[in-house]
Amino acid sequence: MLKKTMLILAALVTSQFASSHQQHGKASFYHYVDSKVRLTANGEKFDSGKLTAAHKTLPFGTRVRVTNLKNNKSIVVRVNDRGPFIKGRVIDITKHGAEKLDFIKSGVVPVKLEIVKR
């Protein structure tokens, strides 16, 4: 019963995001400079050359359009990790994603998130 209640609660949190269609906040990017193999929260090998992201609550596999509000560039990423854990940040994306959104130099940028597909 508790498991079912938790699943329903998780679905409500996700549907609230979906019903608002957008989330605003700051994005940052992450990558690793060592050659050590790192795993994402869903067990995949981390690859900074892919368009993937970390989000605190969205289910793994959710595709999210991330729009850089400073230059209006956007990409679609797939959630495969958890985070970011810094106040005000809503998503961490790979270095490749940050390059496409043109915010490598600044490191953090205001963004709009929109769910594309679950």
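Begin by selecting Val66, Val77, Ile91, Ile93, Phe103 and Val111: among the 18 residues of the largest nonpolar core, these touch the most other members. A nonpolar core is here a set of buried Ala, Val, Leu, Ile, Met, Phe, Trp, Tyr and Cys residues joined through side-chain atoms within 4.5 Å. Buried denotes under 20% relative accessible area, exposed over 50%, and partly exposed the range in between, with a 1.4 Å probe and protein chains only. Two or more residues of this core come from each of S1, strand S3 (63-68), strand S4 (74-81), S5, H2 and S6. Helices (H or I, at least four residues) and strands (E, at least two) are DSSP runs, numbered from the N terminus.

The model is predicted: local features need pLDDT of at least 70, side-chain atom pairs count only at pLDDT 80 or more, and totals for chains, interfaces and linings use all residues. Residues are numbered from 1 along each chain as its sequence is written, and side-chain values use heavy atoms, with hydrogens and water left out.

**The whole chain**

Display the full chain as a cartoon. The chain has two helices and six strands, and from the N terminus the elements follow the order α-β-β-β-β-β-α-β. Of its 118 residues, 35% count as buried. The exposed surface of the chain is about 7,300 Å², of which carbon and sulfur atoms supply 55%; the areas come from the Shrake-Rupley method with a 1.4 Å probe, and for residues only the protein chains shown count as cover. Among contacts between residues at least 6 apart in sequence, 74% join residues at least 24 apart, where contact means heavy atoms within 4.5 Å.

**Strand S1 and its partners**

Next, select strand S1 (residues 23-30) together with strand S6 (residues 108-117). The two run antiparallel and are joined by six bridges; strands are taken as paired if DSSP finds at least two bridges between them. Glycine 25 has valine 111 as its bridge partner in S6. Then add strand S5 (residues 89-94), which pairs with S1 in the parallel sense over five bridges. Here lysine 26 is bridged to arginine 89.

Centre the view on valine 111. Leaving out residues up to four places away in sequence, valine 111 touches Gln23, His24, Gly25, Lys26, Ala27, Val66, Thr67, Asn68, Leu69, Val90 and Ile91.

Move to lysine 112, also located in strand S6. Is lysine 112 buried, exposed or partly exposed? Its relative accessible area is 21%, so lysine 112 counts as partly exposed. With the same sequence neighbours left out, lysine 112 touches Gln22, Gln23, His24, Arg65, Val66, Thr67 and Leu69. A distance label from lysine 112 to asparagine 68, C-alpha to C-alpha, should read 6.9 Å, although the two are 44 residues apart along the chain.

**Aromatic rings and charges**

Now show the rings of Phe, Tyr and Trp. Rings (for Trp, the six-membered one) pair if their centres lie within 6.5 Å; planes under 30 degrees apart count as stacked, over 60 as edge-to-face and the rest as tilted. Three aromatic pairs satisfy this rule. Phenylalanine 29 and phenylalanine 103 are edge-to-face, with 6.0 Å between centres and 70 degrees between planes. Phenylalanine 29 lies in strand S1 and phenylalanine 103 in the loop between helix H2 (95-101) and S6, so this pair ties together parts that are 74 residues apart in sequence. Phenylalanine 103 counts as buried because its relative accessibility is 2%.

Tyrosine 30 and phenylalanine 46 form a tilted pair, at 4.9 Å centre to centre and 40 degrees between the planes. The pair links strand S1, which holds tyrosine 30, to the loop between S1 and strand S2 (52-54), which holds phenylalanine 46, 16 residues apart. Both tyrosine 30 and phenylalanine 46 are buried. Adding Tyr32 to the selection completes one aromatic cluster of Tyr30, Tyr32 and Phe46.

Select arginine 38: its charged end sits over the ring of tyrosine 32, 4.4 Å from the centre. The criterion is NZ of Lys or CZ of Arg within 6 Å of the ring centre and within 35 degrees of the ring normal. Arginine 82 lies over the face of phenylalanine 60, at 4.3 Å from the ring centre.

**Two last stops**

Select arginine 78 in strand S4. Arginine 78 counts as buried because its relative accessibility is 18%. Apart from neighbours within four places in sequence, arginine 78 contacts Asn42, Glu44, Leu51, Thr52, Ala53, Gly61, Thr62 and Arg63.

Finish at isoleucine 86, in the loop between S4 and S5. With a relative accessible area of 45%, isoleucine 86 is partly exposed. Isoleucine 86 and lysine 26 are 9.8 Å apart, C-alpha to C-alpha, and 60 residues apart in sequence.
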